[in-house]
Amino acid sequence: MTFFDRFCRALAMPLALVVLFVSLPINVSQAALVTTDQVLAETQSEADRERVLAFLAREDVRQQISSLGVDPDEAARRVQSLSDAEIAQIVDQMDQDPAGQGVVVFLVATILIIFLILIITDLIGVTDVFPFINPIGGR
Amino acid sequence: MHFDQAQIPSPPWPLRPGAACAVRLLRLASRLAGLILAFGLTACAATQTERLLEQPDGLPPRAEIAEVPFFPQERYYCGPAALAMVLAWSGLPVTAEDLVPQVYTPGREGSLRSDILGGSRRNGRLAVEVGRLDALLAELAAGHPVLVFQNLGLDLLPQWHFAVAVGYDLSAGTIILHSGTEARRELPLATFERTWRRGDFWALTVLAPDRLPVTAGQRDVVEAAAGLERAGRLSEAETAYATALGRWPESHTAVMGLGNTRYAAEDALGAEAAYRRAIELRPDSPSAWNNLAYALKALGRRSEAVSAAQRAVAFGGAQTTRYRDSLREIMDDGP
């Protein structure tokens, strides 16, 4: 028997025990009052979305968005269709740049990308968001 | 704008002494270029100031809060001095000296922003961040002094500083600061914006919990109140939640916080009322039903508690296990 075999044999039992213990279901009761911090965490994504919408409602921001050729009301409607992760990204931008020029560009870019994706998915017939787009290859 | 200086990585192969020297020179040159560029970039835009001076958007042309006491800074104690000024203004009898053990870090020869935030809360004050220049001036116009964090130096050679903004004058284009050893220092708004930008636009209103910053959103205020709750200042937290509900009567999180502080203060009846209001606002909120169950249990109304806990399980969604645990605990407790 080589040294390596003996080494493996010596390790086998303790390792088996470790694996057994780690895989046992941990049964700690979570019964408790829900703390205010937990309530806050649960509503984070909702609050982020509200923040982006409030940002879009600012007069200077509406002007900037219009100057980029997007209707501000339409932009607000599209924000509703962004995912939580996308909203979180925009909020991140807002925190880095409180004055907001960069955010507007970022936001409009995100909204345009979503728009483009929906046009493409409409075209290939996966979605049907825009009634004026008919899927390629008929129905 | 943040400017990262270019880093020239070391080549993976071994260098002859001459080559190493050349690389070092290159690094030095890039560092210098970075310094010059940083100068150029930070010297230009003060965009928020420009916009504000063009369109003051309903801000009064000037404002000053005369009642803010001035505590001159000693040694590196700008953090304790600035915090003491706003706390004393809010009605607490404190001096900078009292706050040194709470907010000063000797190893850093200064105070951290989180220390200032924590220090406000430990003293029972509602601390809410302000991140825009127009909001900062609006707070001043509303009579709230604002603690500001600045980098008086450059990004590469920072000199961090805490001061207290006590007023402004739009026609002169200045902001008035209690700063360092100088009371009522008038600084051009554009210069202030640049130093504040290098401090990540960090500023704080520190108010008694029955007053709210005029520019803050509902969530910022509720988070600040939760900070008071975490710091163990239950009665101040309760006041802050109640004040927030005065402005935003529909705030589910604020009314949950109100219930939680009352429950922690062993006012189960008050907690019950708050949780019932939370359920009125959101009938399918599992956390409200869960906490109501605990309040009812504390009041000795076991069967009601059990049915509330069952509702929490029913609405539990992804958290069902946790609410099931609560239900079991409440049922096990005996009649």
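Here are three short exercises, with worked solutions, on a predicted model with chains A and B.

Chains are lettered from A and ligands numbered from 1 in the order written, and residues are numbered from 1 along each chain. Local features need pLDDT of at least 70 and side-chain atom pairs pLDDT 80 or more, while totals for chains, interfaces and linings use all residues; side-chain values use heavy atoms, leaving out hydrogens and water.

**Exercise 1. Get a feel for chain B: work out its helices and strands, and its share of buried residues.**

Step 1: Go through the DSSP runs, where a helix is H or I over at least four residues and a strand is E over at least two. Chain B has 14 helices and seven strands.

Step 2: Check burial, taking buried as under 20% relative accessible area with a 1.4 Å probe, protein chains only. Of the 335 residues in chain B, 50% are buried.

**Exercise 2. Describe how chain A meets chain B.**

Step 1: Count who touches whom, with contact meaning heavy atoms within 4.5 Å. You get 24 residues of chain A against 31 residues of chain B.

Step 2: Now the buried area, i.e. the accessible area (1.4 Å probe) that two parts lose on being put together, summed over both. It comes to about 2,300 Å², with carbon and sulfur atoms giving 49%. Leu33(A), Thr36(A) and Leu40(A) supply 26% of what chain A buries against chain B, more than any other three residues.

Step 3: Look for salt bridges (a side-chain nitrogen of Lys or Arg within 4 Å of a carboxyl oxygen of Asp or Glu). The rule finds one across this interface. Arg230(B) pairs with Asp37(A), and their closest N and O atoms are 2.8 Å apart.

Step 4: See which helices of chain A take part. Helix 2 (36-42) and helix 3 (44-56) of chain A each supply at least two residues of the side that touches chain B. Helix 2 of chain A gives the largest share, seven residues.

**Exercise 3. Place Asn260(B): is this residue buried or exposed, and which residues does it touch?**

Step 1: Find Asn260(B) in helix 10 (residues 252-264) of chain B.

Step 2: Asn260(B) has a relative accessible area of 2%, so it counts as buried.

Step 3: List the neighbours, skipping residues up to four places away in sequence. From chain A, Asn260(B) touches Leu33(A), Val34(A), Thr35(A) and Thr36(A). From chain B, Asn260(B) touches Glu229(B), Tyr275(B) and Asn291(B).
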